[in-house]
Amino acid sequence: MADKATIKRLERVALSIREDLLELCNRTAIHIGGDYSAADLMTVIWQYAMKYDVTNPRWEERDRFVLSKGHAAAVTSLNQAAKGCYKKEEIFNEYATDFGRFGMHSCNLINPYVDVSTGSLGHGLPVAVGIASGLKVKKSNSRVFVVMGDGEMDEGSIWEGAMAARHFKLGNLIGFVDRNRLSLDGKTEEIMALEPFVDKWKAFGWNVVEVDGNNMEALVDVVDSLPAPDSDVPTVVIANTTKGNGVSFMENVTEWHSSMIDDEKMKQAQEELEAAFIKKWGEL
């Protein structure tokens, strides 16, 4: 179990990233609802779980990261900035520009800190399976982390990847599903029902962990309990989250799937986020 200081540090990083997302959203349209639902799990992955050298993004012993949920590129980039890969001002200045390294989807052709270009839903897990398989052949002690959205669970390629991962005994593969239960314009259970979701993954032979994906302490406990990379069973973490988490007017509102925020709403959101942090920790 993580100590209190670690949880506070991670929650402070997550708060900072949520505030940076507000500033970015004030400048251009981003997928802020899904960025917010994934902010905590992404912070745990990048700031706590992953073995990574920011001075050498192609370090052979690093853990790999694949963003299958391509629309979470902004929260990924800001987590990389918090890790030290680049300055967050670079993201603000380059996001969604013709020359920029940052945008709606991550691209490894122009950003060395991106292992895999993403965007087409359902592709991330199969690619992660390939990477994990290669690492296993090399007898590497590195893991592959892949973040998926629940909306892309409609894709057959996800389940082909899930079947292959268990068949090839890829215990070095860790999947996180941002289970916020909302797609672009509606509830996942109305568009294409996923339940019983946990049972589906178990039926494919995975180690399944269900967790509150907006609870930092619970996420850290999950990471601390992961099987060794040389184990035979892949793990999927079903992170139950809230789209737009932490901001009252964004939570579970489909209009915030992709949008810009005005100055007034931005101020309100920032005040709500900071008030919640102060209520828990007594200070910013």
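**Salt bridges, cavities and pockets in a predicted model**

Q: What makes the contact between Arg179 and Glu189 a salt bridge?
A: The closest N and O atoms of Arg179 and Glu189 are 2.8 Å apart. A salt bridge requires a side-chain nitrogen of Lys or Arg within 4 Å of a carboxyl oxygen of Asp or Glu, so the pair qualifies. Arg179 belongs to strand E3 and Glu189 to helix H7 (residues 188–191), and the pair links distant parts of the chain, 10 residues apart. Salt bridges with shared partners also join Asp150, Arg179, Arg181, Glu189 and Glu195 into one network. Helices (H or I, at least four residues) and strands (E, at least two) are DSSP runs, numbered from the N terminus.

Q: On what basis do these statements rest, and how are residues numbered?
A: The model is predicted: local features need pLDDT of at least 70 and side-chain atom pairs count only at pLDDT 80 or more, whereas totals for chains, interfaces and linings use all residues. Numbering runs from 1 along each chain as its sequence is written, and side-chain values use heavy atoms, with hydrogens and water left out.

Q: Why is Arg179 called buried or exposed, and how is Glu189 classed?
A: Buried means under 20% relative accessible area, exposed over 50%, and partly exposed in between (1.4 Å probe, protein chains only). Arg179 has 1% relative accessibility and therefore counts as buried. Glu189, with a relative accessible area of 31%, is partly exposed.

Q: How do you know that Glu94 and Arg101 form a salt bridge, and how is each classed by accessibility?
A: Their side chains meet at 2.7 Å, N to O, which satisfies the salt-bridge limit. Glu94, at 13% relative accessibility, counts as buried, while Arg101, at 23%, is partly exposed.

Q: What makes Lys69 and Asp178 a salt bridge, and which parts does the pair tie together?
A: The closest N and O atoms of Lys69 and Asp178 are 2.4 Å apart, so the distance criterion is met. Lys69 lies in the loop between strand E1 (64–67) and helix H3 (73–83), and Asp178 in strand E3 (residues 173–179), so the pair ties together parts that are 109 residues apart in sequence. Both Lys69 and Asp178 are buried. By the salt-bridge rule, the count comes to 17.

Q: What makes a space a cavity, and how many of 30 Å³ or more does the structure hold?
A: On a 1 Å grid over the protein atoms alone, a cavity is a set of points where a 1.4 Å probe fits but cannot get out, whereas a pocket is an open set with protein on both sides within 12 Å along at least five of seven lines; lining residues have an atom within 4 Å of a point. Grid points are joined across faces, edges and corners, and a volume is the space filled by probe spheres set on the points. The structure holds two cavities of 30 Å³ or more. The largest cavity has about 80 Å³ of space, and E1 gives the largest share of its lining, three residues.

Q: Which residues lie nearest the centre of the largest pocket?
A: Of the 15 lining residues, Glu11, Arg18, Asp40, Asn214 and Ala276 lie nearest the centre of the largest pocket. This pocket holds about 360 Å³ of space, and H10 gives the most to its lining, with five residues.
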